[in-house]
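Thanks for coming, everyone. I have one structure to show today, and I'll walk through it piece by piece.

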Amino acid sequence: MIQLLFTVIFSEAATIGLLLFKTPLRKLVIMGLDRLKRGRGPLMVKTVGGTLFVVLASSIYSMINLQKREIEDGGAVNPTDQVLMAKHLLEATLMGSVLFLALMTDRLHHYIRELRIRRKSMEAVKKQMRGSEDAKNTVSEETKSMEEEAAKLRAEVDRLESELHSKNKGVGAAEVSISALRKQSEGFLLEYDRLLEENENLRNQLKSVDRRFSRSNSKKNM
């Protein structure tokens, strides 16, 4: 059993060494531990660990009994008890080392997996940040183009407003000239009406003169 425990300890120490240093074998060890933790692997590991813990407790209990027996014998040294004490002590030490190294291996494997997950999440975050930066650059370029287009439109609006203002001025001048022409035409119409009235009066006067003249001629002839 002692040889088996030494073999297990060396295997666990080698596994820990492979996990600590980044080598091509590290991936194989991680894959093996991943498979060991799937299915019935955890149950088997817990069973073996529980058995080792029970054997360790039994060895410690045996050492306590041997120590009590030595005390009861008045401190007399029994070679057989000494051999048994050394054997139980060695077995307890080896089993404790096995359990400790197994715990260390499990924790290292767990932290390595967590580190890999964190790295993947960080890479995903970096990709998202790069994508957001690219999107921001695209948006900024689009914003610049829209601002340039807005500036062009503003310039066009200002030009149209100036043209409209100048046309409004022209329309105002035309309206003034039209109103002046209207007033002038109204004055001409009034003058025309007055002239017509005077012409009518002159005609009436001529008619009355002609009548008087014709009457005077008719009296002379008689």
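**Helix faces, buried contacts and salt bridges**

Let me begin with R159. At 38% relative accessibility, R159 counts as partly exposed. Before I go on, a caution: this is a predicted model. Please keep that in mind throughout.

What does R159 pair with? The side chain of R159 meets that of E156 in a salt bridge, with 2.2 Å from N to O. Both residues are in helix α4, and they are 3 residues apart, so about one helical turn separates them. E156 is partly exposed as well, because its relative accessible area is 34%, and the band for that class runs between 20% and 50%.

R159 also has a partner in E163. Those two side chains form a salt bridge at 2.6 Å, N to O. E163 and R159 are 4 residues apart in helix α4, again about one turn of the helix. E163 has 31% relative accessibility, so it counts as partly exposed.

Now a second site on α4. E198 makes a salt bridge with R194, and their closest N and O atoms are 2.4 Å apart. What is the spacing between E198 and R194 in the helix? They sit 4 residues apart in α4, about one turn. At 36% relative accessibility, E198 is partly exposed. R194 is partly exposed too, at 35%. Back to the earlier group: salt bridges with shared partners join E156, R159 and E163 into one network. The count for the structure comes to 4 salt bridges.

Next, the helix α1. It covers residues 2-20. How well does its length fit a helix? With 19 residues at 1.5 Å a residue, the span should be 27 Å, and the end C-alpha atoms are 27 Å apart, so the two agree. Which residues of α1 are buried? They are L5, I9, E12, I16 and L19. Those residues cover an arc of only 90° around the axis, which means they are on the same side of α1. Look at the other side of α1, and you find Q3, L4 and F10 exposed. Note that E12 is in the buried set.

On to α2, residues 24-36. The same check applies. Its 13 residues should span 18 Å at 1.5 Å a residue, and the end C-alpha atoms are 19 Å apart, which agrees. The buried residues in α2 are R26, V29, I30, L33 and D34. They cover an arc of only 140° around the axis, so they are on the same side of α2. P24, K27, L28 and R35 are exposed on the other side of α2.

So what do those buried residues touch? Start with H109. H109 is in helix α4, which runs over residues 79-221. Is H109 buried or exposed? H109 is buried, because its relative accessibility is 1%, and the cut-off for buried is under 20%. Setting aside residues up to four places away in sequence, H109 touches L19, I30, L33, D34 and K37. L19 is one of the buried residues of α1. I30, L33 and D34 are among the buried residues of α2.

T105 is another α4 residue. At 8% relative accessible area, T105 is buried. Which residues does T105 contact, beyond its neighbours within four places in sequence? E12, T15, I16, L19 and L33. Of these, E12, I16 and L19 are on the buried list for α1, and L33 is on the one for α2. H109 has L19 and L33 among its contacts too.

A quick look at the rings. R107 lies over the face of Y111, at 6.0 Å from the ring centre. The structure also holds 1 aromatic pair.

Last, G187. It is found in helix α4. G187 is partly exposed, with a relative accessible area of 33%. How far apart are the C-alpha atoms of G187 and L56? They are separated by 135 Å, with the two positions 131 residues apart along the chain counted as their separation.

To recap. H109 and T105 of α4 are buried, at 1% and 8%. E156, R159 and E163 are joined by salt bridges into one network. That's the tour. Happy to take questions.

Methods
Residues numbered from 1 in each chain as written. Predicted model: local features only at pLDDT ≥ 70, side-chain atom pairs only at ≥ 80, totals over all residues. Heavy atoms only, no water. Phe/Tyr/Trp six-rings, centres within 6.5 Å; stacked < 30°, edge-to-face > 60°. Lys NZ or Arg CZ within 6 Å of the ring centre and 35° of its normal. Helix = DSSP H or I, 4+ residues; strand = E, 2+ residues; numbered from the N terminus. Buried < 20%, exposed > 50% of the residue type's maximum accessible area, 1.4 Å probe, protein only. Contact = heavy atoms within 4.5 Å. Expected span 1.5 Å × (residues − 1). Arc of directions from axis to C-beta.
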